[in-house]
Amino acid sequence: MAADPQSQSQADGAALPAARLPASLDMPGFNTVDFINHIFPNEGSLAAVDPLIQKLRNRIRRVDAEILMAIRQQSTSGSQAKDDLAASMRAIEELSLKMRAIKAKAEQSEVMVQEICRDIKKLDYAKKHITATITALNRLAMLVFAVDRLQALTANRQYRDAADQLQAVTQLLAHFEAYSDIPKIGELQGRVASLKATLKSHIFSDFSTLGTPVLKENGQVMQQLADACLVVAALDGEGAARDELIRTVCSRELTAYQQIFQGTDVARLDKVERRYLWVKRQLKLNDDVWRIFPPAWHVQRLLCTQFCNITRAQLKEQLDGSKDRPDVTTLLQALERTLEFEDDLAKRFAAPQPAARAGAGGAASPTAAGSGGAAGGKEGEFEFHGAISACFEPHLGVYVDLEERTLADTLDKLMQEETWEAEEGSQTNILRSSSEMFLAIRKSFNRCCQLTRKQTLLSLFQVFKRVLRQYANRLSARLPRAAQPTAGGEWQVKMAEKDERVVCYIINTAEYCHETAAQLAESVANRIDGDLVGSVDIGDEQEEFSGVITRALAVLVVGLEARLDGELDRMARMPWSTLESVGDQSEFVNNLSAIFSNSIPMLAGLLSPLHFHFFLDKLAASFGPRYYATVFKAKRLSGTGAQQMLLDTHGIKTILLELPALGGLASTAAYSKYVTRELGRSEALLKVILSPQENIVDTYRALLPEGCAADFLRTLDLKGVKKPEQQPLLDALTTKLKAAAPTHGPTSKSPTSSTPSSSAPPSSAIQPATPAAAAAAAPPAATATAAAAAAAGMLTSAASREAMIARAAALGRGAMAQSAAAAAAVSQNTALKRIFALADSSAASGSKKDMSFRSLFNA
């Protein structure tokens, strides 16, 4: 019979919780509501509630039973653990008792072993002491025998065997140092000391015959002395006896030298070479004698050391005791022979060689290695370079004076023969006298380095500085002089093309001297003694040549301006007030362009790019204010005249901007700025004149913000404004100036006190101010009295030519020092780093050769 669907569903609902009951109840996130809804999803499933409840009760009873069983087991295991712990404690106590028993037995065993070994130790000590006693007795017997034998050998002067025996005795005695209080040992030590003294006495007595002719012929005696050296080496470990013997031998050898060269005619300074010939002859004649000594003793070296000390003392006494200054020729010849002798000694004895010969001042202290020092030792080894020549150093002032006179004569001769033209084929455009002068200085420098590198070289360097300063003065004196002032009170330098070329050569020569002087100082610093390097400075002389460059550039600017002044005067005399029309640029502009075209290419070809740009900067800074002042010289400008002058001004500005290109160089930003600013003021002035009268005040303030009231009055005069109409305009300007004055701050200059050249850099003052510029610089005034005062100030502002050149030099030097770009250009200037072809040392051949700055003094 088929089952009822509803009954089947109930059965399934009852079976589901029974199957999932354990897993569901054991879940950590068990949720009662979800569990019931899951088991009883519908009403039909509720028929299984009672079976489920029964199963849950059964499950609870089983869990309670398990818990009770676990509690009982835990109670039982706790009592078991206590029993186990008690058993462990009992086992530990038993182990501790066993350990104490073992320790006690070990102590008993140790006591037993010590008792057994006590007798063995006594026997061991006895054996050790007996062995040491036997050894000491054997050594004592050997010592007694060796001392007896040494005494016999000493009596017979058998030095070779005595040397070996002495070494054995010395070694044996070293074992008995701790037994010196024993009478027998003390007696033996006394006998050994007595035998050493006897041996030393015998040896010194035998060496007293050293050097006699009989000794050289007796080979047996020579061998005996050679054996005696072995004994001397064995007498003591520090070499005191050896050093004493060497000193005695050397002193005896040099006794004859002192007698011959002390206060006799042959001891004079001009015969100093005989001293050196004497010692060389002695070294050669006694070569067999010196072979007696062991090579490690260096007896010949120590003999020469004593010879140098004695000779230096004698020559120093002779030089210091002379009432008159020594003859320079005799002094230099003696010094040269001395340096050659020192070189020979240094090579003969393989002394440490310096990088180059030290000269008269390079000696080590005589006490650094006395003649009694350890022979052959490295420490304190005597330095022959300067060992004798050091005494000449304080007396070389006569040599420095001779070199100074020679250089002065050379400079005078060079300046007399100077053609003030660059040599043919030269690419540096410098004067021949400069290269010849430095060649003479180099020769003098090399000669001094061969003699000394101490104070004398520094004194000679001071001579070089004085010669360079004199040459700078000669160059400066050759610059063209200023002509008499013109009617306007201006000083002018009128130069022909040849004079301009000479000035350019002077500039290039001064730059060459500036750089070569630095190389000279570097060479001196590299070769002079280290403690004097700080005194080598040639900065002042370099400043002298920088001043020559600045003055020469100022002369070029003033000379070119003198040629431009005629055209500027023609510009001022033109009838600007009657011009009817504006045409091409005026004739004076074409003439100015022609003057620039004739001069600028030549100057650019002779000057370095640095100096040419500097020249253009100064020209622009000076020409702008002069042109501005020339505009005011015109009596009156009509509108057409102002337009024509504005056209001419623009043409002049274009010409000035193209000057660098005319010289074959690119224009610089600074130069373009100079030209644009200075000529721009003149253009602004002309634009103010062209402006309507009713707007002239505003136009003047806008275009010439630095203009003053006096310039404004002059501008009105140029424009042709009548006197009655000028006062209202002046009052309007003054009102605006006063209103604008506070905005400039307490430290700003008042616009009313500015001059037409106030915007120009300080270096623009290349020449004295023109009368118009001086008048424009006057304080603001609206009356004729103020104008007269300005004119008076202009008349008193004329200065001498020398003052003008000095101001230009100072201003130019300041501009050079402040310009980092100029300094970089100097360091990168390759054209100035090619030295002029120098004359070879042979005047007869007249051949030339090129060399760099550095090789001039480092060759």
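How accessible is Glu340, and does Glu340 count as buried or partly exposed? In this predicted model, Glu340 has a relative accessibility of 33% and counts as partly exposed. Its salt-bridge partner is Arg337, with the side chains meeting at 3.0 Å, N to O. Arg337 also counts as partly exposed, at 25% relative accessibility. Both residues belong to helix 12, which covers residues 328-348, and they are 3 residues apart, or about one turn of the helix. Residues three or four places apart in an α-helix point the same way, because there are 3.6 residues a turn.

This pair belongs to a wider set of charged contacts. The count of salt bridges in the model comes to 25. Another of them joins Asp243 to Arg242, at 3.3 Å from N to O. Here the aspartate, Asp243, is buried at 10% relative accessibility, and Arg242 is likewise buried, with a relative accessible area of 16%. A further bridge connects Asp270 with Arg268 at 3.5 Å, N to O. Asp270 is partly exposed, its relative accessible area being 47%, and Arg268 is partly exposed at 36%. Salt bridges can also link up into a network, as they do for Glu561, Asp565 and Arg626.

Turning to the interior, the largest nonpolar core holds 193 residues. Within this core, the residues with the most contacts are Phe207, Phe293, Met437, Leu556 and Phe615. Leu556 offers a good place to look around. Once its neighbours within four places in sequence are set aside, Leu556 touches Met495, Glu500, Val503, Cys504, Ile507, Leu603, Leu607 and Phe615. A second core, separate from the largest one, has 5 residues, including Phe35, Phe40, Ala48 and Leu52.

Helix 18 gives a view of how one helix is covered by others. Its 20 residues, 587-606, should span 28 Å at 1.5 Å a residue, and this agrees with the 30 Å that separates the end C-alpha atoms. Among the buried residues of helix 18 are Phe588, Val589, Asn591, Leu592, Ile595 and Phe596. Others in the buried set include Ser599, Ile600, Met602 and Leu603. The cover over these buried residues includes helix 16 (497-527), helix 17 (539-573) and helix 19 (609-633), along with helix 20 (639-657) and helix 21 (659-662).

On the surface, Val63, Ile67 and Ile71 make a nonpolar patch of about 250 Å². Val63 sits in helix 3, which runs over residues 49-156. Why can Val63 be part of such a patch? Patches are made of residues with over 30% relative accessible area, and Val63 meets this cut-off because its relative accessible area is 34%, which makes Val63 partly exposed.

Two residues stand out for their backbone angles. Most residues other than glycine have a negative phi. Arg157, however, has a positive phi, near 55°. Arg157 is located in the loop between helix 3 and helix 4 (159-174), where it counts as partly exposed at 30% relative accessibility. Trp420 is not a glycine either, yet its phi is positive, at about 60°. Trp420 lies in the loop between helix 13 (397-417) and helix 14 (432-451). Unlike the partly exposed Arg157, Trp420 is buried, with a relative accessible area of 13%.

Key. Residues numbered from 1 in each chain as written. Predicted model: local features only at pLDDT ≥ 70, side-chain atom pairs only at ≥ 80, totals over all residues. Heavy atoms only, no water. Patch = residues over 30% accessible without salt bridge, like charges linked within 9 Å, V, L, I, M, F, W, Y side chains within 5 Å. Areas by Shrake-Rupley, 256 points an atom, 1.4 Å probe, with all protein chains shown as cover. Salt bridge = Lys/Arg side-chain N within 4 Å of Asp/Glu carboxyl O. Helix = DSSP H or I, 4+ residues; strand = E, 2+ residues; numbered from the N terminus. Buried < 20%, exposed > 50% of the residue type's maximum accessible area, 1.4 Å probe, protein only. Core = buried A, V, L, I, M, F, W, Y, C linked by side-chain atoms within 4.5 Å. Contact = heavy atoms within 4.5 Å. Expected span 1.5 Å × (residues − 1).
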